[in-house]
Amino acid sequence: LDSISTGELCMSAIKFSKDILNSKGVFVSKIFMGSLFNDIVSEAKKTFNEVRIYKPEASRKESKENYIICKNLL
């Protein structure tokens, strides 16, 4: 349930970022591997020139926690 809630929040934040970031803006969000993961990455790629998924070394291997880092609005 947390994965879905945070996924929907991330999708909304990506869409909102179109209105508030300048062309060199950066968007960073924690995301979880779940049903919306691919949709989030797809939306980010439609919105930003550079999209990366990052899993911190300090994060447990079994954790589904990741970060999406997006740069330069399209």
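Start with the aromatic rings of this predicted model, where the count comes to one aromatic pair. Select Phe27 and Phe48, whose rings are stacked, with 6.3 Å from centre to centre and 25° between the planes. Both numbers are worth reading in the viewer, because a pair of aromatic rings is described by the distance of the centres and the angle of the planes. The pair links distant parts of the chain, since Phe27 belongs to strand E1 (residues 26-32) and Phe48 to strand E2 (residues 48-54), and the two are 21 residues apart.

Keep these two residues selected and turn on the surface. Phe27 is buried, because its relative accessible area of 10% is under the 20% that sets the limit for buried residues. Phe48 is buried as well, with a relative accessibility of 2%.

Next, colour strand E1 along its length and follow the side chains, which alternate between two faces. Phe27, Ser29 and Ile31 point to one face and are buried, whereas Val26, Val28, Lys30 and Phe32 point to the other face and are not buried.

From E1, widen the selection to the sheet. Three strands form an open sheet in the order E1-E3-E2, with antiparallel pairing. E1 and E2 are the edge strands, each of them pairing on one side only, and from one strand to the next the twist averages 20°. Which strand does E1 pair with, and how many bridges join them? The partner is strand E3 (residues 65-73), which runs antiparallel to E1 and is joined to it by seven bridges. Two positions along this pairing can be picked out by residue: Phe27, already met in the aromatic pair, stands opposite Cys70 in E3, and Ser29 has Ile68 of E3 as its bridge partner.

Stay on E3 and select Asn72, which lies in this strand. The backbone is the thing to look at here, for the phi of Asn72 is near 60°, a positive value in a residue other than glycine. Is Asn72 buried, exposed or partly exposed? Asn72 is partly exposed, with a relative accessible area of 27%.

Now turn to the interior and display cavities. The count comes to one cavity of 30 Å³ or more, and the largest cavity has a volume of about 30 Å³. To see what surrounds it, select Ser3, Thr6, Gly7, Ile31, Phe32, Gly34, Leu36, Phe37 and Ile40, which line this largest cavity. Helix H1 (2-20), strand E1 and helix H2 (37-47) are the elements that give two or more residues to this lining. H1 provides the largest share of the lining, with three residues. Sorted by class, the lining of the largest cavity holds five nonpolar and four polar residues, and no charged ones. Two of the lining residues, Ile31 and Phe32, are familiar from E1, where Ile31 points to one face and is buried while Phe32 points to the other and is not.

For the last stop, move along helix H2 to Ser42, which lies in that helix. Ser42 is partly exposed, its relative accessible area being 34%. With Ser42 still selected, add Glu57 and draw a distance between the two C-alpha atoms: these residues are 15 residues apart in sequence and 25 Å apart in space.

Key:
Residues numbered from 1 in each chain as written. Predicted model: local features only at pLDDT ≥ 70, side-chain atom pairs only at ≥ 80, totals over all residues. Heavy atoms only, no water. Phe/Tyr/Trp six-rings, centres within 6.5 Å; stacked < 30°, edge-to-face > 60°. Helix = DSSP H or I, 4+ residues; strand = E, 2+ residues; numbered from the N terminus. Buried < 20%, exposed > 50% of the residue type's maximum accessible area, 1.4 Å probe, protein only. 1 Å grid on protein atoms, 1.4 Å probe; cavity = no way out; pocket = protein on both sides within 12 Å on 5 of 7 lines; lining within 4 Å. Points joined across faces, edges and corners; volume = space filled by probe spheres on them. Nonpolar A, V, L, I, M, F, W, Y, C, P; charged D, E, K, R; others polar. Pairing = 2+ DSSP bridges. Axes fitted to C-alpha atoms, helices over the stretch in contact; angles between N-to-C directions.
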